[in-house]
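Here is a short report for the bench. Have the sequence and the 3D view open while reading.

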Amino acid sequence: MAAAARAAESGLQVGIVDDNTTLGGQIWRRSGGAPEPQSSAWAERLRSAKTMVLCGRVFHQPEPGILLAENDGGPYGLEYEKLVLATGARERFLPFPGWTLPNVMGAGGLQAMVKCGLSVNGKRVVVAGSGPLLLAVAAYLRKHGARIPIVCEQASWGSIARFSLALLRQPDKIAQALLVKRDLLSVPFSANSWPVAASGKVAVESVTISRNGRIENIPCDYLACGFHLVPNIDLPLLLGCQIRDGCVQVDDFQRTTVAQTFCVGEPTGIGGVELALVEGQIAGLTAAGQASEGRHLFRQRERLRRFARSLDRTFRLRSKLRSLPSPETIICRCEDIRYVRLRRYASWRSAKLQTRCGMGPCQGRVCGPATEFLLKWDPQSVRPPIYPVRVESLAFSASQAEPRHYA
Amino acid sequence: MSDQLTVIVNDAAVAVPLGTTVAVAVGLAGQPCRTSVSGEPRGPLCGMGICFECRVAINGRPHCRSCQVLCEQGMEVRTDD
């Protein structure tokens, strides 16, 4: 949104394609209810600058300068001169016995469901996994009436203590942290803790956790469990952008290695919304020929990137989590492939060919990060369509339709 | 209340407030969204449209990610059989 607003305000003709029904990605997601003030401010700037907003999923690039997207109305083509990729991140899910039970969801996943009408009033929700998202989610759920027996963070107490000190160097984060703390005063938080198993018949009924070395069983209605975030790099990969350590490589002006193509936010490195907004502005300004304006934001970006690096260090996954799945635990949820079958393969590719792991609808978006951690596979390969699309979209050719033109 | 609407989940009427996704409505109907290849009940996992565990048929169109679709009056939803 920030990139589009800045580019449009500088005179370019700009379009945004978003997979959701409203703008703002996951961080500002809502359906009904008051929008966050920051989100409204940017949305207003987009409106004033007459940015065109489209709904859809980009699934293919038949040639440079053209993208194909699909929404409920069918496929369409987009012709562009410059492209800013802001594809965000998704939660990392790690398998453990019972993780496929209904009502076991991601931490952000459960929050998204509550934003979209799920009531957790009076429900018991165990929050587990890793990352600052856990506390934000716990605070949010609590505000909506959930009872939270515990928040389990797999990082060590020492890592959390050092991270809290790093927060002191980020004034805006302190305010956020204090708000979260107020909402969570009576909720037990335990570092050095992780889920061991979820149990239940048709849905989760209890969670067994390792709490600072001791095993505990906690009855619950939901388990909100996610292990930090993974950049969404499938579209950048498809376009040929250079990737390193799972992140899109960009220069000081957020340019990727592909001509006329920028990348901002989480795909360049998990760093949160403030960093994404700054990177977005730098890209938008540069795309509009105002790179020198963008330079003014470099210092702010560097400060926020230091915070991002401390996020990385603090919430690194401990190797103990590799022993969570049992041989019978399903790893690929789309094809129901159990750990015992996958363990014998040395690579993502051979496992895929022999078992269909990664070939289901999620195309490895869930099992990819899991197997990368569990088995050290490298799941990076992408082929169009990068999203399941209808046959009519596959048959669609950009030259037949009337592409819409954007800068 | 004027901001309630009704969707039909596997032939049963479910009343939901405006702004509710189909995934939530399916949960309110007491159903899992789908049954996995080996027969496990499954519901939404990621809540953001990437895992496809929440997929259902909406108004006859299959494989819709119900966590990404807002309920509309009279929508017909079928979960996996």
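Is K376(A) buried or exposed? The model is predicted, and in it K376(A) has 10 other C-beta atoms within 10 Å. The cut-off for an exposed residue is 12 or fewer, so K376(A) is exposed.

## Backbone exceptions

K376(A) sits in the loop between α13 and α14 of chain A. Its phi is positive, about 60 degrees, although K376(A) is not a glycine. Most residues other than glycine have a negative phi, and most peptide bonds are trans. The loop between α13 (367–375) and α14 (391–395) of chain A also holds P385(A). A cis peptide bond joins P384(A) and P385(A), with omega about 0 degrees.

N103(A) also has a positive phi, near 75 degrees, and is a residue other than glycine. N103(A) lies in the loop between β7 (89–91) and β8 (104–105) of chain A. This residue is buried: 23 other C-beta atoms lie within 10 Å of N103(A).

## Domains of chain A

The domain assignment splits chain A into domain 1 (2–87 + 230–313), domain 2 (93–227) and domain 3 (325–396). Domain 1 is written as two segments. The C-alpha centres of domain 1 and domain 2 of chain A are 29 Å apart. Their contact takes seven residues from domain 1 and nine residues from domain 2. On the domain 1 side, one residue is nonpolar, three are polar and three are charged.

## The largest nonpolar core

Which residues touch the most other members of the largest nonpolar core? They are V127(A) and L223(A), in a core of 82 residues. Helix α4 (residues 133–143) of chain A gives the most to this core, with eight residues. Domain 2 (93–227) and domain 3 (325–396) of chain A both contribute residues, so the core lies between them.

L223(A) has many partners beyond its neighbours within four places in sequence. They are N103(A), V104(A), V126(A), A128(A), P195(A), A198(A), V204(A) and V207(A). N103(A), the buried loop residue with positive phi, is thus one of the contacts of L223(A). Another core, of 51 residues, lies apart from the largest one. Its members include L68(A), V84(A), A276(A) and I282(A).

## Helix α4

How many residues of α4(A) are buried? Nine of its eleven residues are, and the helix is mostly covered. The buried residues are L133(A), L134(A), L135(A), A136(A), V137(A), A138(A), A139(A), L141(A) and R142(A). Their cover includes α3 (107–115), β9 (125–130), β10 (151–153), α6 (171–183) and β15 (222–227) of chain A. G145(A) follows α4(A) and has a positive phi, near 95 degrees.

## Two packed helices

Helix α5 (residues 157–167) and helix α10 (residues 298–314) of chain A pack at an angle of about 175 degrees. Their axes are 10 Å apart. Angles over 145 degrees count as roughly antiparallel, so α5(A) and α10(A) are roughly antiparallel to each other.

On α5(A), the contact uses S159(A), I160(A), R162(A), F163(A) and A166(A). On α10(A), it uses F307(A), S310(A) and T314(A). By class, the contact has four nonpolar, three polar and one charged residue.

## A buried glycine and an exposed alanine

G280(A) lies in helix α8 (residues 273–287) of chain A. With 25 other C-beta atoms within 10 Å, G280(A) is buried. Leaving aside neighbours within four places in sequence, G280(A) contacts M1(A), A2(A), A3(A), A86(A), V264(A) and G265(A). G280(A) and V84(A) are 196 residues apart along the chain, yet their C-alpha atoms are separated by 8.3 Å.

A346(A) is in the loop between α11 (339–342) and α12 (348–355) of chain A. A346(A) counts as exposed, with 10 C-beta neighbours inside 10 Å. A346(A) and A287(A) are 59 residues apart in sequence, and 43 Å apart from C-alpha to C-alpha.

## Contact between the chains

The contact takes 32 residues from chain B and 32 residues from chain A. On the chain B side, β2 (12–17), α1 (22–28) and β4 (41–42) each give two or more residues. Of these, α1(B) gives the most, with three residues. The chain B side has 17 nonpolar, eleven polar and four charged residues.

Notes. Residues numbered from 1 in each chain as written. Chains lettered and ligands numbered in written order. Predicted model: local features only at pLDDT ≥ 70, side-chain atom pairs only at ≥ 80, totals over all residues. Core = buried A, V, L, I, M, F, W, Y, C linked by C-beta atoms within 7 Å. Buried ≥ 20, exposed ≤ 12 C-beta atoms within 10 Å, placed from the backbone. Helix = DSSP H or I, 4+ residues; strand = E, 2+ residues; numbered from the N terminus. Domains from an automatic or database assignment. Contact = placed C-beta atoms within 7 Å. Nonpolar A, V, L, I, M, F, W, Y, C, P; charged D, E, K, R; others polar. Axes fitted to C-alpha atoms, helices over the stretch in contact; angles between N-to-C directions. Parallel < 35°, antiparallel > 145°, perpendicular 65-115°, else oblique.
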